[in-house]
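Let's take a walk through this structure together, one piece at a time. Have the view open and turn it as you read.

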Amino acid sequence: MAEKLFMQALSMGISEEMRADPRVFFMGEDVRASVYGAAAGLHDEFGDNRVLNTPLSEAGFFGAAVGAAAVGMRPIVETLTSFMWVGMDQLVSQAAKMRYMFGGQATLPVVYRAVMYYGGGSAAHHSDRSYPVFMNIGGLKIVVPGTPADAKGLMKTAIRDDDPVIMFEDGTLLGTRGEVPDDPDFTVPFGVANVLRPGTDVTLVAIAGSVPHAVAAAEVLAKEGVSVEVIDPRTLVPLDKETILNSVGKTGRLVVADPAAKVCSAASEIMSIVGEEAFWDLQAPMQKVASKQVHIPFSPALEPLVYPTRDSIVEAIKKTLD
Amino acid sequence: MVYFRMATNISKDVLMLMLERMWRIRHFELKVIEVYGAGEFVGAAHPYIGEEAVAVGACAAMRDTDYIAGNHRSHGHPIAKGANLSKAMAEIYGRIDGYCKGKGGSMHLADFSVGILGESGIVASSVPVATGAALAAKLQGKDFISAVFFGDGASNQGACHESMNLASVWKLPVIFICENNQYAVTTSYRDTVSADHISDRAQAYNMPGVLVDGQDAIAMYEATVQAVERARSGQGPTLIEALTYRFEEHSLGLEKIRKSEYREESEIDEWRLRDPLDLLITNIVDSGTATRAECDAISDKANAAVEEAVEFARNSPFPDESELYKDMFSSEMPVV
C-alpha cells in the first residue's frame, strides 16, 4: 500500500492488466505521448502493437474497438467526455446495443475511458459530465470512481469485464491522493457502494467529483452534531440500490450530490428509486445538489457557481433537518 | 475503372456454390415478400432482389473464418456467407429460434458462428465495426480478413470515410464493398455523391478503388479475390464499388412510392434484363460447366429449403416474457 495520485492509480490498473492479458490493447488520440497523463509509460513498456495513436476520428476508432472486441480482443479506448458526442452512434448503436439486438451472440469487452475535464475554464465544449446520458441508453456499464483506490480497482474490473464499460474519470479528482493497494489481485467489484463515512441522521450519496465535497460537508456538520452517512455508489450501472435504501431506512433523509447537470441526472435516478421504494422511510423532502442546468461558462466568475460544493451540500442537508 | 471479367478458370464448385446461394437469396426474398403481404410478420424488410451477385460473389472469395458486416438490407449478406435459412426466417418472424432470439428482426441478422458480425439498421454504422475486426487480425498476427457491405447512401456518412482512412493508415485487412444500387430510398446517388464514382474516393484514402459490374457474380468474385489477396498479405484495404440495382422498393410497405417520380418503370425494366441469376446461369450453361436442368435443380432445392425455413419459422414459439431482460449484459443484472 502506498499513497498515489488518482491519475497514477488509473495508470497502475491499466498497465497491470496489460501485463496480465495480451489481448488488452490501448488506443486513442496522442496516447503514446500520454498527453492526458494516465497512459504514461505504456508505449515504452508495451510497444507499437499494443498502444495505438489514432487519427482524430472518434466514430472510426470507437467502432473499431467494438469490432476488435467482438472477435476476441479487449480494447481500452481513451477519450474525453466531450469528444464522445462525435462518435456517439458507435457507442449507442453498436457498443451498447449489439449484444441484446443479436440475441446475446456478441461479447464486447471494451473499456472507454472518458475523462471529464471541468472546473478549470475549459468552457462548454470541453466540460461535459455526461454519464446520465449513457445510463439512459442501457447496455453500458457506467463507472464513476471517487477515490484513487477505487480508480485502480474499478479500472481493473472494467478491463476484465465482458461488457462495454465507460469509466468516467473526474478531472477534478485526477490530482487527489490516497492509499492505493499495490497488489495486482486487488480489484473493486461493480455494483457495490462504498460507505465512506457511517452516520445516522442523513444519507448523503455523492458521485465522482462530489465525493471530496461530500466528505468535507459531513465533517463540517459533525462539528455541529449532525451525523451524515456518506455513500459513494462507485458504479451507476449496476447501481447498489440496497446500500442506499438501507441507509435511508436508517436516517430517513436523503441528499444526492452529483456534478452532472440537474435534469435527468444520476441524482434524479437515485432519488426516483428512493421515492418509489422507500417513500415511507422519508422524514423530509429529498434534496438534489447537482450542477445548474446551464452550459459551462468560461469566466472564472461564473463557472464555480455551477457545480456542487461543500457549502451547497451542507445547505441541502440542513434543509432536510428543518 | 470498370472491372471487366477476365477469362480465368473459376472452378465448377465455386460457380455452382454461387448459383446455389443466389437462388437461396432470391427464393428467400420472394417468400419474405409473400408472407409479409399475408401479414405474417411485423416491421420492415428490405429485399435484396437484383443485388444477389454482389454479396454472393464477394463471400465466395472469402473463407468461413473471415468476417462480414452489413446493413439494413440484411438478408442477402448472411445467406451469401452461409447462414442458416431457418434461423434467419425465424428471426424475421420474431421467434425464439431466430438468430437473435427474435430481438433483432429483419434488419439485424447476425451469425457469429460463421463470421457474420451483424447487420446494422443505421447506415454506415457497421463500417467501423468491420474495420475493428480487421484491426484484431492485424494486432494478433492472424490471417483472417473482414469485409463490410454498405450502400451508396452510406458512402456519404462520416463513419465510412473515417473507417477508410483508419484502415489505410493502419493497412488493415478489410474490404469496403459499396453496393451502389443507385438510390438511397428515393434519392439518386448522382444527386448526393460528389465524385463521378464512389470508387474514385479510394484515391483520397490511398487504396485501390475498383468499379465492378455488380450484376455479374463472376466479376464480383474476381474483384474480391484480388482484394482478399491484398488484405491477407498485409497490403491493406480495398474499396469495391459494385454497380447494381434494387428491383423492388426500398422496403416492404413502401410500395406506394413506386408511383412517385424518383425512377421510371422503364429503368427498372431495363435493369431486370440484367438479372444477376440470368447472367450467371447463361455463363454456366454457355461455358458447358453445367446444364440448364442442373441449374434448375439447384433452384428447386433452394426453394425447398426456403419452404422448410418458413415452416420452421411459423412453428417456432415467440420468445417468452422472461427473455425481455436477457442479453442486456453478459451476466444477469438486477432489473432496474
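What follows goes from the meeting of two chains, to the domains of one of them, to some helices of the other.

Keep in mind as you go that this is a predicted model.

Let's start where chain A and chain B touch. The contact draws on 37 residues from chain B and 36 residues from chain A. Which elements of chain B supply at least two residues each to the side that touches chain A? They are β3 (116-120), α5 (127-140) and α6 (158-169) of chain B. The biggest giver is α5(B), which puts nine residues into that side. As for the kinds of residue on the side of chain B that touches chain A, you'll find 21 nonpolar, eleven polar and five charged.

Now let's look inside chain A. Its domain assignment gives two pieces: domain 1 covers 2-180, and domain 2 covers 194-321. The C-alpha centres of these two domains of chain A sit 26 Å apart. The domains touch each other too, and the contact takes 25 residues from domain 1 of chain A and 25 residues from domain 2 of chain A. On the domain 1 side, α7 (131-137), β6 (141-143), α8 (148-160) and β7 (165-170) of chain A each chip in with at least two residues. That same side of domain 1 of chain A, the one touching domain 2 of chain A, splits into 14 nonpolar, seven polar and four charged residues.

Back to chain B, where a pair of helices is worth finding. Helix α1 (residues 12-37) of chain B packs against helix α10 (residues 292-315) of chain B at an angle of about 45 degrees, and their axes are 8 Å apart. With angles of 35 to 65 degrees falling outside both the roughly parallel and the roughly perpendicular ranges, α1(B) and α10(B) are therefore oblique to each other. Their crossing, α1(B) over α10(B), is right-handed. Which residues make the contact? From α1(B) they include M16(B), W23(B), H27(B) and F28(B), and from α10(B) they include I298(B), A302(B) and V306(B). Taken together, the residues of the contact of α1(B) with α10(B) come to eleven nonpolar, three polar and three charged.

One more stop in chain B: is helix α2 (residues 52-60) mostly covered or mostly open? Helix α2 of chain B is mostly covered, with nine of its nine residues buried. Among the buried residues of α2(B) are E52(B), V54(B), G57(B) and C59(B).

Notes:
Residues numbered from 1 in each chain as written. Chains lettered and ligands numbered in written order. Predicted model: local features only at pLDDT ≥ 70, side-chain atom pairs only at ≥ 80, totals over all residues. Contact = placed C-beta atoms within 7 Å. Helix = DSSP H or I, 4+ residues; strand = E, 2+ residues; numbered from the N terminus. Nonpolar A, V, L, I, M, F, W, Y, C, P; charged D, E, K, R; others polar. Buried ≥ 20, exposed ≤ 12 C-beta atoms within 10 Å, placed from the backbone. Domains from an automatic or database assignment. Axes fitted to C-alpha atoms, helices over the stretch in contact; angles between N-to-C directions. Parallel < 35°, antiparallel > 145°, perpendicular 65-115°, else oblique. Left-handed = near helix turned anticlockwise from the far one by under 90°.
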